[in-house]
Amino acid sequence: MFLVVLWNLHERALPARKNPGSSQYTSWEAGSMSGKGKTARLILCCATGGLLLWQPQAAAQGFESGIQLCLRTVLPALFPFFVLCDWMMGFVGDGRALRPAARFLGMRNASGVLAILLSWLGGYAVAARLAGQLRREGTLSARDVSLVMLLGCCSSPGFVIGCVGGLLLGNLALGVLLYGLQLSANLLSTALCLPLLPVASSAPQGACLIPQKNSFSGALGRAVDSSLQVCGCVLFFRTVAAAVLPFLPEQPLVQPLLSGLLEITAGCADFARLGGKPALYGICFCLSTLGLSVWAQLSMLLQGAVSCKLLAWNRAIHLVLFVLLVRLCTPFLPAECAVYSTLATRVIPMYRLPWDAAVVVFCFLCAALYKVRQNFYNK
């Protein structure tokens, strides 16, 4: 029943998508999924439902861990950014300061540049939310909104620097490096994907970036809806991962790979436990592939504004570039290493003599020197 309800909600969440050059909206499923695809998805849903019934205890534990993850990590990291980014988009005026960057990127509206900058602070969920909103309101063309998504789809600095670098890897400098290299890989992979972008089409260029959307209450309501969608995806994939795990072989890389393919946070945590290079490159894998949970979140937040195939190609290129950049740059980080030393393991400290003992020793030395002098001159 849980899967059936979730499937129906997913069908409703997937939008009516507007065809290029047409004023009518068509169903996403009717235009993109054949009968074989629907049958395959039905079989997958039934198999997943049977798995959850077969492993109720593991599924319950996964659901509980998903709730803890949402309360401790997802909501504190995303909800404030959802509110602030949405509210900020309504108070940027005509965006004159961002117009040079917009012209450099070939955008017709500076709101795309602002959306990219806010996405680098808020992460992939903010990028998808702003991209979908700008496209539905007609502020950006299909090409521009695709460019926003390709450049802005990344993990937030709070997650990469604070959680991955500071908590999981125990190296804050490495977290800063990973965040910077992640954005560098975004720029390079987007440059390689420019020929795949949709053809530029006309879009309204109104004086205000997002008119009549600057109320705090409206931003708060939209942030709540987006947060519920994100948490729903996290709970579902955490539950499925916990039910699947008992059937997999007990190998060191099996659980991290499964976690990384399903949910990015759990994948980074499992890879970090491996230590060394497997931990570092495994986290790079999670940050680039994002996991099925994030892809489901992007699908619901974008609502057909950006092609998932284009984004998938971009993330595949991103993975290769990200790993190469990390391999090239990590040797320059200051690190600790073991060295051989011939010093004694026990160190004996030196202390000063007390003042009274020092006076006695001084008097003794003076007397000794005086006696030596007398013996020398008497000869």
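Student: Which are the buried residues of helix 8?

Tutor: In this predicted model, helix 8 is mostly covered, with 11 of its 11 residues buried. The list therefore runs through the helix under the cut-off of under 20% relative accessible area. The buried residues are Ala 142, Arg 143, Asp 144, Val 145, Ser 146, Leu 147, Val 148, Met 149, Leu 150, Leu 151 and Gly 152.

Student: Against which helices do the buried residues of helix 8 pack?

Tutor: Helix 8 has 11 of its 11 residues buried. Its buried residues pack against helix 5 (99-105), helix 6 (111-122), helix 7 (124-136), helix 10, helix 15 and helix 16.

Student: What is the secondary structure of the chain, in helices and strands?

Tutor: The chain has 379 residues, of which buried residues make up 42%. Its exposed area is about 21,500 Å², with carbon and sulfur atoms supplying 67% of it. The secondary structure comes to 17 helices and two strands.

Student: What share of the contacts in the chain with a separation of 6 or more comes from residues 24 or more positions apart?

Tutor: One example of a pair distant in sequence is Cys 193 and Leu 147, which are 46 residues apart in sequence and 9.5 Å apart in space, C-alpha to C-alpha. For contacts in the chain with a separation of 6 or more, the share from residues 24 or more positions apart is 75%.

Student: Is Cys 193 buried or exposed?

Tutor: Cys 193 is placed in the loop between helix 10 and helix 11. Beyond its neighbours within four places in sequence, Cys 193 is in contact with Leu 150, Asn 314 and Ile 317. Its relative accessible area is 0%, so Cys 193 is buried.

Student: With which residues is Asn 314 in contact, leaving aside its neighbours within four places in sequence?

Tutor: Asn 314 is found in helix 16. Asn 314 has a relative accessible area of 0% and is therefore buried. Apart from neighbours within four places in sequence, its contacts are Leu 150, Ser 189, Thr 190 and Cys 193.

Student: Are helix 10 and helix 16 oblique or roughly parallel to each other?

Tutor: Helix 10 (residues 172-192) and helix 16 (residues 308-329) have axes 8 Å apart and pack at an angle of about 135 degrees. Angles under 35 degrees count as roughly parallel and those over 145 as roughly antiparallel, with 65 to 115 being roughly perpendicular. The angle of this pair falls in none of these ranges, so the two helices are oblique.

Student: How many nonpolar, polar and charged residues does the contact of helix 10 with helix 16 have?

Tutor: Helix 10 passes helix 16 in a right-handed crossing. Helix 10 contributes residues including Leu 177, Leu 181, Ser 189 and Thr 190, while helix 16 contributes residues including Asn 314, Arg 315, Ile 317 and Phe 322. By class, the contact has 12 nonpolar, seven polar and one charged residues.

Student: Is helix 11 roughly parallel or roughly antiparallel to helix 15?

Tutor: Helix 11 (residues 216-244) and helix 15 (residues 292-302) pack with their axes 9 Å apart, at an angle of about 150 degrees. An angle over 145 degrees counts as roughly antiparallel. Helix 11 is therefore, relative to helix 15, roughly antiparallel.

Student: How many nonpolar, polar and charged residues does the contact of helix 11 with helix 15 have?

Tutor: The crossing of these two helices, helix 11 and helix 15, is right-handed. On helix 11 the contact is made by Ser 226, Gln 229, Val 230, Cys 233, Val 234 and Phe 237, and on helix 15 by Leu 292, Ser 293, Ala 296, Gln 297, Met 300 and Leu 301. By class, the contact has eight nonpolar, four polar and no charged residues.

Student: What covers the buried residues of helix 12?

Tutor: The buried residues of helix 12 (residues 254-262) are Pro 256, Leu 258, Ser 259, Gly 260 and Leu 262. Their cover includes helix 11, helix 13 (264-274), helix 14 (276-289) and helix 15.

Student: Is Leu 290 buried or exposed?

Tutor: Leu 290 is found in the loop between helix 14 and helix 15. Its phi is near 75 degrees, a positive value in a residue other than glycine. With a relative accessible area of 0%, Leu 290 is buried.

Note on methods: Residues numbered from 1 in each chain as written. Predicted model: local features only at pLDDT ≥ 70, side-chain atom pairs only at ≥ 80, totals over all residues. Heavy atoms only, no water. Helix = DSSP H or I, 4+ residues; strand = E, 2+ residues; numbered from the N terminus. Buried < 20%, exposed > 50% of the residue type's maximum accessible area, 1.4 Å probe, protein only. Contact = heavy atoms within 4.5 Å. Areas by Shrake-Rupley, 256 points an atom, 1.4 Å probe, with all protein chains shown as cover. Axes fitted to C-alpha atoms, helices over the stretch in contact; angles between N-to-C directions. Left-handed = near helix turned anticlockwise from the far one by under 90°. Nonpolar A, V, L, I, M, F, W, Y, C, P; charged D, E, K, R; others polar.
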